[in-house]
Amino acid sequence: NDRKWQDYNNRMVRIQDGMNQNAITTNENMRKERLAMQKFSLQKQEMATTATAEVAAAATGTVGRSVNMVLFDINRNAAQARAKLDRDDEYGDEQARNQREQSAMGAQLQLDLRDIPNPNPASMLMGIAGNIGSLWKSQ
């Protein structure tokens, strides 16, 4: 009976750890999807800003270094934004790894690893015989 209870508790701990790992994976997937959308939006915004600057320069007849500097600034700002997104993604990956490790370690610490010995048939018979003897004496 003790072994069954120990096995049940250990299974529940492992199930809980599995549920934690699944939640972490779900959060990672949502974060990656959000990152892809942010990068797409950033690229779209960069292209629109570049096109607007080029059209404005063409409309005014501006050419040369000043136009190139504006385009360079647009590209630099977009590159900085992409780098920040990538850095934030790396931090998210590290956070997920830490959460996975903490969940797994917590599960290991909660497992009941005691050795529960099997009942010895001879000692069980001696116990029953002792109980019968006690009953015999009391009557």
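**View A. A nonpolar patch on the surface of the predicted model.** Let's start on the outside, where Trp-5, Tyr-8, Met-12, Ile-15 and Met-19 form a nonpolar patch. Together these five side chains' residues have about 550 Å² of accessible area. One of them, Met-12, sits in helix α1. With a relative accessible area of 37%, Met-12 counts as partly exposed, because that value falls between the 20% limit for buried and the 50% limit for exposed.

**View B. Helix α1 from end to end.** Helix α1 has 59 residues, and its end C-alpha atoms are 87 Å apart. At 1.5 Å a residue, a span of 87 Å is just what should be found, so the two values agree. After α1 comes Gly-61, and its phi is positive, near 75°.

**View C. The largest nonpolar core.** Here five residues come together: Ala-53, Ala-57, Val-67, Leu-71 and Ile-74. Both α1 (2-60) and α2 (65-110) supply at least two residues of this core, with the largest share, three residues, coming from α2. Take a moment with Ile-74: leaving aside residues up to four places away in sequence, Ile-74 touches Glu-46, Thr-49, Thr-50 and Ala-53.

**View D. Ala-83, further along the chain from Ala-57.** Ala-83 belongs to helix α2. Its relative accessible area is 34%, so Ala-83 is partly exposed. Ala-83 and the core residue Ala-57 are 26 residues apart along the chain, and their C-alpha atoms are separated by 28 Å.

Key. Residues numbered from 1 in each chain as written. Predicted model: local features only at pLDDT ≥ 70, side-chain atom pairs only at ≥ 80, totals over all residues. Heavy atoms only, no water. Core = buried A, V, L, I, M, F, W, Y, C linked by side-chain atoms within 4.5 Å. Buried < 20%, exposed > 50% of the residue type's maximum accessible area, 1.4 Å probe, protein only. Helix = DSSP H or I, 4+ residues; strand = E, 2+ residues; numbered from the N terminus. Contact = heavy atoms within 4.5 Å. Expected span 1.5 Å × (residues − 1). Patch = residues over 30% accessible without salt bridge, like charges linked within 9 Å, V, L, I, M, F, W, Y side chains within 5 Å. Areas by Shrake-Rupley, 256 points an atom, 1.4 Å probe, with all protein chains shown as cover. Salt bridge = Lys/Arg side-chain N within 4 Å of Asp/Glu carboxyl O.
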